[in-house]
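Reader: I should like to learn how the features of a protein model are read. Would you take me through them in turn?

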Amino acid sequence: MKIVFRLRIDHYVVSFLMMIFLSFNSRLVFSQQNSSQKEIEKKFDSFLNPADLKARLEKLSAHPHHVGSPYDKENAEYILSLYKSWGWDAHIETFYALFPTPKTRVLEMVSPEKYTAILKEPPLKEDKTSFQTDEQLPTYNAYSIDGDVTGELVYVNYGVPSDYDELARRGIDVKGKIVIARYGASWRGIKPKVAAEHGAVGCILYSDPKDDGFYAGDVYPKGSWRNEYGVQRGSVADMPVYSGDPSTPFVGATKDAKHLAVKDITILTKIPVLPISYHDALPLLQSLNGPVVPDSWKGALPITYHIGPGPAKVHLKVQSDWDIKPVNDVIAMMKGSVYPDQWVIRGNHHDGWVNGAEDPLSGQVAMLEEAKAIGGLYKNGWRPKRTIVYCSWDGEEPGLIGSTEWVETHADELKQKAVVYINSDSNGRGFLFAGASHTLQSFINDAAKDITDPEKGISVWERLRAKRILDAPTPEAKKEIETNKELKVSALGSGSDYTPFLQHLGIASMNIGYGGENEGGVYHSVYDSFDHYMRFGDPTLEYGIALAKTGGRLVLRMADANILPFNFDDFANTILAYLAQVKKLTNDMRETTNALNYELKNNLFEEAADPTKISLPPKSEAPVPYLNFAPLENAIDNLQHSADAYQKIKNELLESGKKLSPGQLADLNKIIFRTERTLTTKEGLPGRPWYVHEIYAPGLYTGYGVKTLPGIRESIEQRNWDEATRQIIVVANTLNNFSGEINKATEIIKAVLK
Ligand SMILES: [Zn+2]
């Protein structure tokens, strides 16, 4: 009893101290802002109207609007007219990119039985746009090479590298075979890449109901989830090498740009790929024999899952029209009244694979609502201090084309002027999610505390915090969230339009949205429609309004900030945590490797194996050396001192009431927003020079999934110790440059306080 009471007191004292700290902290933040900031935001909110979002969502999703389609163009022109009507200086910027569309798609089982895959998503009477079959892109994977192959089938689970290790232990080789992999666990483009690396000649992707279908809930149209005919389209280019138009790496695909010949493009798949539904996958999987799959490989189809190879033998033929198609970005600008050469950039794509009500229009209509409200402020005489740029991207689905080509075309100007890039994409009912450069973590936290959750009436920050505490796996993890004044933002990998800004130019970026209570099941299918979204996505569009309030606050606060609200302490603490992770990764690998080699040496695999089954021991590995992390540890120490010193002197400045001259302020802010540029290197990451950010990158073998400290982490994962040692020094130098910039910012303030 006594102990419980003590704990409560302590908890109360801690909470009380935190309250004082938080209110002190938020006063500091607020005092930096324009004194009328709250008034401006109140006014901004008064322009937002869910009925406008709904009307725009219905109009933009009325027809399929993939790259190069007539309705894609019509939508771009409609979006342009909206920006103009709200007072923005807007134009369409068109690029010309390689975008293959299907000409021939054949998938048939030739033995032991005949089955021809239907490769179609049938119209449903409950879904009015599903009848537009003439306008729809057929089910396919863009940037699969053309091919006509026949071979025995092998089931490879998710088709990630560790799955092939399992196959090897069963003595199964996919050389000359066609693999069938389920969607999930990695980005889809990784699956054919790994299959080809292992010698497969073709790759079939399918949505298993365990991951995406009736296992999750009732299927469409009764419920939301993927029905047996639903197919996930999508790009299979090797995007972790570079994004954008595959035929114009590093340069904008403008009218007169030189395009690589298709045969010279390195990021197309090496083998033909086709996505199918679980209706089409069932007869194929049912015709496999060979070993029964491990438990973790089992899906939810009513069969015993076997690996093969065969006896199922399939014929796969894929041919595309390899045409150059127009990509229409809509760019809207509002010039800054004080710092016209400092740009706050906001974007969301407008192209879809088919009707795309959720992906991307749910985010697009919220973003347009922000632009409308900012236009409303402008008409009332308000002017942003910094230039605001709103971008409705085209060509995101095939490979972030609209954003990447724009970034590559305007790279020099953006390096000079871009303060931040704020991205959104699909949106729905639920909880705030935010990925970002960690210098922006506290900025996002502050905004999230000022937005009311439409369902609960508390702030979206409090609601997310409650969920995070409940979801935390251990008492320690719960306590950490409870005592932390900020909610951590996740690191950015890839999968939407922030990639070229953050990872190709080093522009501090954020990706925001709501979700978790909306029901899925229609990703990249014809059933991602207005009818589906209004039942399962966000029926009242109130979370669209929440997104507009979030995006709007981030844009307005960044545009009008006196001193840009970058927080280097958060960044330093995050890097320290990443260092601990890569050290632990190395130590764990060392122990696992030692254990494995001991087990091999002592014949344990053979002794334990079931003699009625093929069970080969895994390959032995060379011992893991001790790496010298000291350069990185010293650089992080340095960074922490620089970050602390800056934060301290910034607080002193705010308390002193002293003001920086307009010239000093301009210099200071320029240093602050360009710090992220110093996190890039000229050479880029090993084997992929397009990706130049040394802290955040999509994984070479995860795709969307982020790898932080990617040069170091991936070298360790690939057991390339020399490269890991080199990368430790590269990252250490990068962080030292970053700290040097923070020190310059500190010096400017120091001079004023003297
Ligand atoms: Zn999207």
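**Domains, salt bridges and a metal site**

Author: Let us begin with the domains of this predicted model. The C-alpha centres of domain 2 and domain 3 are 34 Å apart. The contact between them draws on 18 residues from domain 2 and 17 residues from domain 3.

Reader: Which residues belong to each domain in the assignment?

Author: The domain assignment gives domain 1 as 10–97 + 326–562, domain 2 as 98–324 and domain 3 as 569–753.

Reader: What is the area buried between domain 2 and domain 3, and what share do carbon and sulfur atoms give?

Author: The size of an interface is often expressed as the accessible area lost when the parts come together. Here, about 1500 Å² is buried between domain 2 and domain 3, and carbon and sulfur atoms give 59% of that area.

Reader: How many salt bridges are counted between domain 2 and domain 3?

Author: The count between these two domains is zero salt bridges. For the model, the count of salt bridges comes to 40.

Reader: Where do Glu-41 and Arg-553 lie, and how far apart in sequence are the parts they tie together?

Author: One salt bridge joins Glu-41 to Arg-553, with 3.6 Å between the closest N and O atoms. Glu-41 belongs to helix α2 (residues 37–46) and Arg-553 to helix α17 (residues 542–560), so this pair ties together parts that are 512 residues apart in sequence. Both Glu-41 and Arg-553 are buried.

Reader: Is Glu-58, by contrast, buried or partly exposed?

Author: Glu-58 is partly exposed, its relative accessible area being 36%. Its salt-bridge partner is Lys-128, and the closest N and O atoms are 3.9 Å apart. Glu-58 lies in helix α3 (residues 50–60), while Lys-128 lies in the loop between β2 (115–116) and β3 (141–142), so the pair ties together parts that are 70 residues apart in sequence. Lys-128 also counts as partly exposed, at 47% relative accessibility.

Reader: How far apart, N to O, are the side chains of Asp-453 and Arg-463 in their salt bridge?

Author: The side chains of Asp-453 and Arg-463 meet in a salt bridge at 3.4 Å, N to O. Asp-453 is found in the loop between α12 (441–448) and α13 (460–471), and Arg-463 in helix α13, ten residues apart. Asp-453 is buried, with a relative accessible area of 2%. Arg-463 is buried too, with a relative accessible area of 9%.

Reader: Which residues are joined into one network by salt bridges that share partners?

Author: Glu-41, Asp-45, Asp-450, Arg-553 and Arg-557 are joined in this way.

Reader: I turn now to the metal. Which protein donors does the zinc ion have?

Author: They are His-349 (NE2), Asp-359 (OD), Asp-425 (OD) and Asp-425 (OD), at 2.0 to 2.6 Å from the zinc ion. Along the chain, the donors follow the spacing H-x9-D-x65-D. Asp-359 lies in helix α8 (residues 357–379) and Asp-425 in the loop between β12 (418–424) and β13 (430–436), so the pair ties together parts that are 66 residues apart in sequence.

Reader: What are the angles among the four donor atoms of the zinc ion?

Author: Ideal angles for four tetrahedral donors at a metal are 109.5 degrees. In this model, the angles among the four donor atoms of the zinc ion are 53 to 143°, and the site is irregular.

Reader: What relative accessible area does Asp-359 have, and what is the relative accessibility of Asp-425?

Author: Asp-359 has a relative accessible area of 8% and is buried. Asp-425, at 12% relative accessibility, counts as buried as well.

Conventions
Residues are numbered from 1 along each chain as its sequence is written. This is a predicted model: local features need pLDDT of at least 70, side-chain atom pairs count only at pLDDT 80 or more; totals for chains, interfaces and linings use all residues. Side-chain values use heavy atoms; hydrogens and water are left out. Donors are N, O and S atoms within 2.8 Å of the metal (3.2 Å for Na, K and Ca); water is not among the atoms, so sites may look incomplete. Four donors count as tetrahedral if all angles lie between 85 and 135 degrees; four count as square planar and six as octahedral if opposite donors are over 155 degrees apart and all others between 65 and 115; anything else is irregular. Helices (H or I, at least four residues) and strands (E, at least two) are DSSP runs, numbered from the N terminus. Buried means under 20% relative accessible area, exposed over 50%, partly exposed in between (1.4 Å probe, protein chains only). Domain bounds come from an automatic or database domain assignment. Contact means heavy atoms within 4.5 Å. Buried area is the accessible area (1.4 Å probe) that two parts lose on being put together, summed over both. A salt bridge is a side-chain nitrogen of Lys or Arg within 4 Å of a carboxyl oxygen of Asp or Glu.
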